[in-house]
Amino acid sequence: MKAFNLQLFNLLAASFLLSCVNETNVSAQNPVETNRPTADYKPAFAGQTRIKGIKTTTPYATTVINKKLENPWAISVMPDGRFLITQKGGTMVILAANGSLSKTITELPKVDDSGQGGLLDVTLAPDFAKSRMVYWAYSEPQSKGILLAIAKGKLSANETAIENQTVIYRATPAHTGRLQYGSRIVFDKNGNLFVSTGERSDREIRVHAQYLNSSLGKILHLTPDGKAVAGGPFVTKEGARPEIYSLGHRNPDGLAIDPQTGELWEAEFGPKGGDEINLIKPGKNYGWPIITYGVEYSGAKIGDAIQQKDGYEQPVYYWNPVISPGSIAFYTGNLSEWKGNLFVAALSGSHIIRLVLKANKVVGEERLLADEGERFRDLVTGKDGALYAVTDGGKLYRIAKK
């Protein structure tokens, strides 16, 4: 009888432990970040940085299916499983599902591809299978500087051109600098666009992130024609741009909607330290350059060197030192251990980050493909359930369950 009770106890204990592991997909490991922070600032709450490490237990395979792309910036999945990819210099390409080149699209608007500019994000309209409408972002040269432009057009029947090209929005003011355009585009459930804009980096322009009469350093909410979505959080505020959804962003290169909750998430570059993951809420101020967990590249303090202040939102998670988040994507594929996880393409970090979220908090972090030595730029779940990633070095990776 005692042996039976002991056996029953062991079975129940094992079942409990297994359920805990399955619920959170985390195991007790040290944080994946081991380098010293560039700024000795304290987090606002436990788990805001350097959360415990996790490790994928499901076997997966990594394959490079194309290594001849020319500085790819964004990847979008077509309804038939092929990929539409922007190349920084000003062209788009369509790849077959196996990664082979299918089509090249030229005669797009002129871009300024110096610095961090060029042909940037690309997104397909929700009804693309019928409308064939494509939306993209690029750095547009002006007579008095450069600005971020959002354009749309129809993919031609032979897939070598974009027809009826129209610029639907320009993020003003223009600036002579060539850094930090932001520029991710995602569609909400109503068919409107969220667009992220950078604050253009330089000290004299970065303060525009706090100005409601400027497009810079913002998340915008636009109709498919580039107008402000009705009922925006600042529509009644005198002098404010009605398309502004949130403000106080530095360089938001990552934007994604959680398919399970419908919530909008963002990733942005910090300066030297303080890269962030934010949960975006309408009308909220995310602090740049008033609060930050980073310092100037020179090592000097930014502003009053504060990290918390009433009226400014805290990041859900931050990295110090930086990993340079190129984009983010929620995994929706067939590797069940990854379902609902948030993946981050790290540029200077040269890896892909997997974040496990629970109740809008990060509870585990893993770093993938760190041995590849690539600057990962954009991520997407393919029609086949695999995770795909493009790199600045011109490669397209497929990461799939074995």
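Visitor: How many salt bridges does a search of the whole structure find?

Guide: Welcome! The search finds 19 salt bridges, and please keep in mind that this is a predicted model.

Visitor: What makes E263 and K281 a salt bridge?

Guide: The closest N and O atoms of E263 and K281 are 3.3 Å apart. The cut-off is 4 Å between a side-chain nitrogen of Lys or Arg and a carboxyl oxygen of Asp or Glu, so the pair qualifies. The two residues come from distant parts of the chain, 18 residues apart. E263 sits in the loop between strand 16 and strand 17, while K281 sits in the loop between strand 18 and strand 19.

Visitor: Why is E263 called buried?

Guide: E263 has a relative accessibility of 19%. Buried means under 20%, so E263 counts as buried.

Visitor: And why is K281 called partly exposed?

Guide: K281 has 34% relative accessibility. That value lies between the 20% limit for buried and the 50% limit for exposed, so K281 is partly exposed.

Visitor: How do you know that D392 forms a salt bridge with R375?

Guide: Their closest N and O atoms are 3.0 Å apart, and the limit is 4 Å, so D392 and R375 count as a salt bridge. D392 lies in the loop between strand 25 and strand 26 and R375 in the loop between strand 23 and strand 24, so this pair ties together parts 17 residues apart in sequence.

Visitor: Which salt bridge does D392 form with a residue in strand 24?

Guide: That partner is R377, in strand 24. For D392 and R377 the closest N and O atoms are 3.0 Å apart, which is within 4 Å, so this pair counts too. Here the linked parts are 15 residues apart in sequence.

Visitor: What makes D392, R375 and R377 buried or partly exposed?

Guide: Let's take them in turn. D392 is at 19% relative accessibility and R377 at 11%; buried means under 20%, so D392 and R377 are both buried. R375 has 38%, which falls between 20% and 50%, so R375 is partly exposed.

Visitor: Which residues are joined into one network by salt bridges that share partners?

Guide: They are D80, R82, R132 and E159.

Visitor: Why is D253 called buried?

Guide: D253, in strand 16, has a relative accessible area of 5%. The limit for buried is 20%, so D253 is buried. Leaving aside residues up to four places away in sequence, D253 touches W73, G182, R184, A267, F269, P325, G326, S327 and R377.

Visitor: What surrounds the largest pocket?

Guide: The lining has 33 residues, and S76, T123, V186, F187 and V380 lie nearest the centre. Elements giving two or more residues to the lining include strand 4, strand 8, helix 2 and strand 16. The pocket holds about 970 Å³ of space, and the lining has 22 nonpolar, 6 polar and 5 charged residues.

Visitor: Which residues lie nearest the centre of the second largest pocket?

Guide: Q116, N251, F269, L347 and R375 do, out of 24 lining residues. This pocket has a volume of about 350 Å³, and its lining divides into 9 nonpolar, 9 polar and 6 charged residues.

Definitions and conventions: Residues numbered from 1 in each chain as written. Predicted model: local features only at pLDDT ≥ 70, side-chain atom pairs only at ≥ 80, totals over all residues. Heavy atoms only, no water. 1 Å grid on protein atoms, 1.4 Å probe; cavity = no way out; pocket = protein on both sides within 12 Å on 5 of 7 lines; lining within 4 Å. Points joined across faces, edges and corners; volume = space filled by probe spheres on them. Helix = DSSP H or I, 4+ residues; strand = E, 2+ residues; numbered from the N terminus. Nonpolar A, V, L, I, M, F, W, Y, C, P; charged D, E, K, R; others polar. Buried < 20%, exposed > 50% of the residue type's maximum accessible area, 1.4 Å probe, protein only. Contact = heavy atoms within 4.5 Å.
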